[in-house]
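Let's take a stroll through this one, beginning at the ligand and then stepping back to the whole chain. Have the structure open as you read.

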Amino acid sequence: MKKDVNIDWSQLGFGYIKTDLRYISIWKDGKWDEGKLVEDNNITISEASTALHYGQQCFEGMKAYRTKNGDIQLFRPDQNAKRLNNSCKRILMPEIPEEKFIHACKQVIKANEAYVPPYGTGATLYLRPFVIGIGDNLGVRPAPEYMFCVFCSPVGPYFKGGMSPVNFVITQYDRAAPYGTGAAKVGGNYAGSLLPNSIAKSKGFADCIYLDPATHTKIEEVGAANFFGITHDDKFVTPISPSILPSITKYSLMHIAKHYLGLEVEERDVFIDKLDEFKEAGACGTAAVISPIGGIEYNNKLHVFYSETEVGPITQKLYDTLCGIQFGDIEGPEGWIVKVD
Ligand SMILES: Cc1ncc(COP(=O)(O)O)c(C=O)c1O
């Protein structure tokens, strides 16, 4: 009999719900073990683990989607595997073979199938793969052992508004240094974002926007999401910088804008004093999907794009096409969808 988990799917926010099983694999003596599913959601590691002291850890965020006919599918998991490995390389951790990564994700989804939200609720099963340096070590050096885990949790929208516009504020804090770890998904980037995030929230904004760390003149990231804008002549524009996390959603939207919506696409500098060039703007990411940006506050002035209450038509089309592909209603480009069976 199928397990009943008694969750009100339509009320889900972006929070942790403990599911039944998670995957753990250990790297020791130069290789990964086979890995296994475990029940305990607590992990026991050495007090001297590099993950705890020197931030030697990285992670991913991805989702499993339930389609109309009840299937479960992943969206571009190979891209998450590649990005995790880029993060691992940046902080001297061993890489995870792509097949091992995808197999681990599939095992976790299947073992927690009851937690994959039904089609039509807008909710999904969020997967959190991560790698941490473990084992006894004191000085600043790479760990002697590593742990690769994947857990999951059913989630609803990341920003409270979901697909309604929210406002953001420019912060003077930086999330990454020009040649630092901004392009890697390492925990330290997020620790540094907690204070600016809480300041933005205390002022009533959904999150803050980071400018480029070298000149503070160009938009880099919208909290834990990438930025895009639609120009008055219908170009999809998104910032380029070595300290931005390369968002899989952003690159997917660039493809969708070009090949499904017929828009021109530009990855280039977006200057904070030239927001007038955009008629619509949004934040995009796995968790946020697309969050329309109502306005951005900079130097105490709120710049409103399309509207503070209505979603712009191009943002809406991008959202509908992206979600249509993710939930299996629209055919995606080859290789984007991986079935979990
Ligand atoms: C800092 C940051 N930027 C952007 C993104 C969006 O990336 P993706 O679309 O791959 O989820 C994320 C989330 O992973 C993030 O943490």
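## Around the ligand

Gly61, Glu221, Ala224, Ala225, Asn226, Leu245, Ser247, Ile248, Thr249, Lys250, Gly285 and Thr286 make up the surroundings of the ligand. Two elements supply two or more residues each to this shell: strand S12 (225-231) and helix H6 (248-259). H6 is the top contributor, giving three residues. Keep in mind that what you're looking at is a predicted model.

And what about the chemistry of the shell? Sorted by type, there are six polar residues, four nonpolar ones and two charged ones.

## H6 and its neighbouring strands

H6 turns up again in a β-α-β unit, where its partners are S13 and S14. The unit is right-handed. So this helix has two roles worth tracing on screen: H6 gives the most residues to the ligand shell, and H6 also belongs to the unit with S13 and S14.

Now for the strands themselves. S13 covers residues 235-238 and S14 covers residues 264-267. They run parallel, joined by four bridges. If you'd like one pair to look up, try Val237, whose bridge partner in S14 is Glu266.

## Two domains and where they touch

Zooming out, the domain assignment splits the protein chain into domain 1 (9-155) and domain 2 (166-326). Their centres, taken over C-alpha atoms, are 26 Å apart. How many residues of each domain are in contact with the other? On the domain 1 side there are 19, and on the domain 2 side 12.

Looking at the side of domain 1 that touches domain 2, the elements giving two or more residues are strand S4 (57-59), strand S5 (62-66) and helix H2 (77-90). H2 has the largest share there, with six residues. By type, this side of domain 1 is made of seven nonpolar, seven polar and five charged residues.

## The chain as a whole

Count up the secondary structure of the protein chain and you get seven helices and 18 strands. The radius of gyration is 20 Å, close to the 20 Å that the globule rule gives for 341 residues, so the chain is as compact as a globular protein of that length. Taken along the principal axes, the C-alpha atoms fill a box of roughly 55 × 50 × 35 Å.

Technical notes:
Residues are numbered from 1 along each chain as its sequence is written. This is a predicted model: local features need pLDDT of at least 70, side-chain atom pairs count only at pLDDT 80 or more; totals for chains, interfaces and linings use all residues. A residue is near a molecule or strand if its C-beta atom, placed from the backbone, lies within 6 Å of it. Ala, Val, Leu, Ile, Met, Phe, Trp, Tyr, Cys and Pro count as nonpolar, Asp, Glu, Lys and Arg as charged, and the others, Gly among them, as polar. Two strands pair if DSSP finds at least two bridges between them. A crossover is right-handed if, with the strands pointing away from the viewer, the path from the first strand over the helix to the second runs clockwise. Domain bounds come from an automatic or database domain assignment. Two residues are in contact if their C-beta atoms, placed from the backbone, lie within 7 Å. The radius of gyration is taken over C-alpha atoms; the globule rule is 2.2 Å times the number of residues to the power 0.38.
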